[in-house]
Amino acid sequence: MASTVKDAAQFLTSRLRQIGIFLALLVIVVLFQVLTGGRLLQADNVSNIIVQNSYILLLAIGMVMIIIAGHIDLSVGSVAAFVGAMSGVMIRDWGFNWWMAFAASLLVGALVGAWQGFWVAYVGIPAFIVTLAGMLIFRGLTQITLENARITGFPEEYRQLGGGFLFPGLFPADTNILDWTTVALGVISAILLVVSMLRGRATRAKLGLIDEPAGWFYTKVAFGTFIILGLTYLLASSRSGTPIVLVVLGLLVVLYSAVMNKTVFGRHIYARGGNLQAAQLSGVNTKRIDFMLFVNMGVLAALAGLIFTGRLNSAGPGAGNLFELDAIAAAFIGGAAVTGGVGTVIGAITGGLIVGVLNNGMSLLGVGTDFQQFIKGMVLLLAVAFDIFNKRRAGNALK
C-alpha cells in the first residue's frame, strides 16, 4: 500500500507542469465565484468571457507555437489592428462584400507574416527585433490607413463572427429551458473527446508506450467530459446560445493540437526550439519552419483582427493595443518554456482563460485597471518562476 501511494505521488509530481495550470484555473474560478457571489459562472457572463477573450485565445495558439520554436512576436496586436483597418477600407471604399473582405484580409495577414518570417528565417535577424519593428510599422500603417479616424457600420454578416451566435432564435428562451443546438454540440464534443482519448490510449498500448496509470487516465477523461458538459449547460442556459467564435476557436484548437502532436511539422517545431543545432544536424529545415510559423501567426493575427473589429463594429487606430502581451502571458502561464521546446496549444488556451477569468472577475469586483495590471503581472512572474522551479527539480532528480 505504501509503495502504491509513493508511486502515485511520484507520478503526480512528474506531471506537475501539466496539471498545475488546470488546478490554477479551477482555483481562480472557484475563488471569483465565491467573491462575486456567484456572478462569475452565470450563463450570460460565461458567454461574455468567451466572446471578450476570443481574439486573445486565437493569438495564444499562434504565439505558443512561436515560443516553442524559441522566438517571440511583439507585433500581433498591431497586425490585428492593421488587418481590421484594411478590411474596413475594403468594404467602405473598395466595394468588397463581407466574404471578399474576409478572404483578402487573411491574405494580407499571411503576407505580413511572410514579410516578418523572411527577415527572421532567411536574413537571420532575431525575431524580437523584427517583430518590435513590425509593431511600430503596422501600428503606423493602421493610422495611415484610417487617417486617424474610425470606420464603423460593418455588414451584419461581418459582425456575426465576433459577436454572433449559432442559430439564434431557433429555440426561443420563452418556450425552451435550454438552447438545444448548444446541448447537441456539447454532447457530440464530449463523445468525440472520450473516443479520441480511448483510441489514443489503445494505440499507445499496442506500441508499448503506456506511461500513465489507468486511474489517472480515466480521471483525465472524466475531468475533460465534465468541463465540456458543464460549459455546455451554462451556454445552453443563456438566452443567446453558442457564440460563433467559440465554434471557430474549438475547431482551431483541435486542428492545431493535431498539427503539434501528430505531424512531422509539429515535431520539427519542438525539435527546433529544444535544440537548434541538433535539429539542423538531423536534417530539419529550420529556416522553413521559422518562415511558416510567422506566416501562420500573421493569418491568426488577421483572424483575431477581424473578430475584434466585428465585435466592436468599428476599426480604430488604437485597436489591438497590448494584445501581444496578453497572448504572450497566456502562452507562458499555460506552461510554455522561456527557452523554447516546451508548450502545448491546450496549455496556452488554459493560460488565456486564466487571464480572461482574472480580467472578468476583477471587473465584477470593481477592481481598477491599475490593480488589474499589477495582479496579471504577478501571475505571469509566478508562472515563469514555476517553470524554472520545475526545470531545476527535474535536473536535480537526474543527478
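Which residues of α14 are buried? Let's start there. Phe323, Glu324, Asp326, Ala327, Ile328, Ala329, Ala330, Ala331, Phe332 and Ile333 are. Buried means under 20% relative accessible area, exposed means over 50%, and partly exposed is in between, with a 1.4 Å probe and protein chains only. Helix α14 spans residues 323–333, and 10 of its 11 residues are buried, so it is mostly covered. After α14 comes glycine 335, with a positive phi near 105°.

Some ground rules. This is a predicted model, where local features need pLDDT of at least 70 and side-chain atom pairs count only at pLDDT 80 or more, while totals for chains, interfaces and linings use all residues. Residues are numbered from 1 along each chain as its sequence is written, and side-chain values use heavy atoms, with hydrogens and water left out. Helices are DSSP runs of H or I with at least four residues, strands are runs of E with at least two, and both are numbered from the N terminus.

Now to serine 78. It sits in helix α4, residues 76–92. Serine 78 counts as buried because its relative accessibility is 2%. What does it touch? Not counting residues up to four places away in sequence, serine 78 touches Gly134, Met135, Phe138, Arg139, Thr142 and Glu324. Contact here means heavy atoms within 4.5 Å. Glu324 is one of the buried residues of α14 that I listed at the start. The side chain of serine 78 also reaches the backbone oxygen of methionine 135, at 2.8 Å. That is a polar contact: a pair of N or O atoms within 3.5 Å, where, within protein, one must be able to donate a hydrogen and the other to accept it, and residues adjacent in sequence count only if both atoms are side-chain atoms.

Follow one of those partners, arginine 139. Arginine 139 lies in helix α6. Buried or exposed? Arginine 139 counts as buried, at 18% relative accessibility. Leaving aside neighbours within four places in sequence, its contacts include Ser78, Gly77, Ala81 and Pro317. A polar atom of the arginine 139 side chain lies 2.9 Å from the backbone oxygen of proline 317. Arginine 139 and methionine 362 are 223 residues apart in sequence, and their C-alpha atoms are 29 Å apart in space.

Next, helix pairs. Two packed helices are described by the angle between their axes and the distance between the axes. Axes are lines fitted to C-alpha atoms, for helices over the stretch in contact, and angles run from 0 to 180 degrees between N-to-C directions.

Take α11, residues 264–274, and α13, residues 286–312. Their axes come within 10 Å and cross at roughly 105°. That makes α11 roughly perpendicular to α13. The cut-offs are these: under 35 degrees is roughly parallel, over 145 roughly antiparallel, 65 to 115 roughly perpendicular, and the rest oblique. On the α11 side, the contact is made by Phe265, His268, Ile269 and Arg272. On the α13 side, it is made by Thr286, Arg288, Ile289, Asp290, Met292 and Leu293. They divide into 5 nonpolar, 2 polar and 3 charged. Ala, Val, Leu, Ile, Met, Phe, Trp, Tyr, Cys and Pro count as nonpolar, Asp, Glu, Lys and Arg as charged, and the others, Gly among them, as polar.

Helix α13 has another partner, α7, residues 156–163. The axes of α7 and α13 come within 7 Å and cross at roughly 105°. They are therefore roughly perpendicular to each other. Tyr158, Arg159, Leu161, Gly162 and Gly163 of α7 meet Leu303, Leu306, Ile307, Thr309, Gly310 and Arg311 of α13. The split is 5 nonpolar, 4 polar and 2 charged.

Also in α13 is asparagine 296. Asparagine 296 is buried, with a relative accessible area of 16%. Beyond its neighbours within four places in sequence, asparagine 296 is in contact with Gly62, Met65 and Tyr256.

Last, two loop residues. Where is asparagine 313? Asparagine 313 lies in the loop between α13 and β2 (314–315). Its phi is near 55°, a positive value in a residue other than glycine. Asparagine 313 counts as partly exposed, at 23% relative accessibility. Glutamate 147 lies in the loop between α6 (127–146) and β1 (151–152). Phi of glutamate 147 is near 55°, again positive in a residue other than glycine. Glutamate 147 counts as exposed, at 68% relative accessibility.
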